[in-house]
Amino acid sequence: MLRPFDIQEQLSHAFMHMIASCAACTYTPSPRPLDNEGVDATIRFQLDLPEENETQIDSLPIEVQLKSTRQQLTRTEKGISFQLDAACYNRFRKVNVMAQRLLILLHLPPDQNDWVTVEPEKMTSRNCVYWVSLRGAPKIDEGNSSITVHFPEKNILTPSVLNVIVEQLSKGKMISHA
């Protein structure tokens, strides 16, 4: 039987797979070596661009680190606060990587029975998925084991938002930390 933490991890993958699929992207969980590097999965898009279009990129990976919590989130003027391991933060703030990297946070209700409800006419999942890019974020002081990351409340990840991200990336515009 899976522990609640393991269930949260599986749900993070399931939600991201569903969002990516609805956005016409592929979603591939990472093998253990990449997972050890902080990349839990890769989202890939393939645009059907004409060959003569040299101003847009038709395929690019989006590497994601998945986090989930069922704790009450703290909201500040900067957004939703989440404690992140310093090593993960430092990997995802790098600018010298070819892939866009996003930190994803699945927020679940405290009660596990409220996470997913299935009825004949609908399937409902509670709370939502937030995203943030740490690309170019400030370096943290050595010796810190974690850092508070802020997810803007408007950064709710949906298939249409993922499509906007893909469109921006296809124009060669990487998303940087705000």
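Reader: Why is D6 called buried?

Author: This is a predicted model, and in it D6 has 17% relative accessibility. Buried means under 20%, so D6 makes the cut.

Reader: What makes D6 and R3 a salt bridge?

Author: Their side chains come to 2.9 Å, N to O. The limit is 4 Å between a side-chain nitrogen of Lys or Arg and a carboxyl oxygen of Asp or Glu, so the pair qualifies.

Reader: And R3, is that one buried or exposed?

Author: Exposed, because R3 has 53% relative accessibility and the label applies over 50%.

Reader: How many salt bridges are there in the whole structure?

Author: A search finds four. Another one of them joins R101 and E63, with the closest N and O atoms 2.7 Å apart.

Reader: Why say that R101 and E63 tie parts together?

Author: R101 lies in strand β6 and E63 in strand β3, so the link spans parts that are 38 residues apart in sequence.

Reader: How do you know whether R101 and E63 are buried or exposed?

Author: Check each value against the 20% limit for buried. R101 has a relative accessible area of 14%, so R101 is buried. E63 has 15% relative accessibility, so E63 counts as buried too.

Reader: What about R75 and E153, how do they meet?

Author: Their side chains form a salt bridge as well, at 3.0 Å from N to O. R75 sits in strand β4 and E153 in the loop between β10 and α4, so this pair ties together parts 78 residues apart in sequence.

Reader: Why is R75 called partly exposed?

Author: R75 has a relative accessible area of 39%. Partly exposed runs between the 20% and 50% limits, so the label fits R75. E153 also has 39%, so E153 is partly exposed.

Reader: Which residues of β10 are on the covered face, and which on the uncovered one?

Author: I147, V149 and F151 make up the covered face, while S146, T148 and H150 make up the uncovered one. In a regular strand the side chains alternate between the two faces of the sheet.

Reader: How do you know that β5 and β10 pair?

Author: Pairing takes at least two bridges, and β5 and β10 have six, in the antiparallel sense. In one of the bridges, F82 is partnered with V149 in β10.

Reader: What makes up the largest nonpolar core?

Author: It has 28 residues, and those with the most contacts inside it are I43, I62, I104, L157 and L162. Helix α1 gives the largest share, five residues. A second, separate core has 19 residues, including I80, L84, V132 and A137.

Reader: Which residues does L162 touch?

Author: Not counting residues up to four places away in sequence, L162 touches I19, A20, A23, C25, I43, I62 and L157.

Reader: Why is T42 called buried?

Author: T42, found in strand β2, has a relative accessible area of 17%, so T42 is buried. Leaving aside neighbours within four places in sequence, T42 is in contact with T26, Y27, T28, P61, I62 and E63.

Reader: Last one: what makes V116 eligible for a nonpolar surface patch?

Author: V116 has 35% relative accessibility and counts as partly exposed. Patch residues need over 30%, so V116 passes. V116 shares the patch with M18, V118 and M123, and together they have about 380 Å² of accessible area.

Definitions and conventions: Residues are numbered from 1 along each chain as its sequence is written. This is a predicted model: local features need pLDDT of at least 70, side-chain atom pairs count only at pLDDT 80 or more; totals for chains, interfaces and linings use all residues. Side-chain values use heavy atoms; hydrogens and water are left out. Patches are made of residues with over 30% relative accessible area and no salt bridge: like charges are joined within 9 Å, nonpolar side chains (Val, Leu, Ile, Met, Phe, Trp, Tyr) within 5 Å. Accessible areas come from the Shrake-Rupley method with a 1.4 Å probe; for residues, only the protein chains shown count as cover. Buried means under 20% relative accessible area, exposed over 50%, partly exposed in between (1.4 Å probe, protein chains only). Helices (H or I, at least four residues) and strands (E, at least two) are DSSP runs, numbered from the N terminus. A nonpolar core is a set of buried Ala, Val, Leu, Ile, Met, Phe, Trp, Tyr and Cys residues joined through side-chain atoms within 4.5 Å. Contact means heavy atoms within 4.5 Å.
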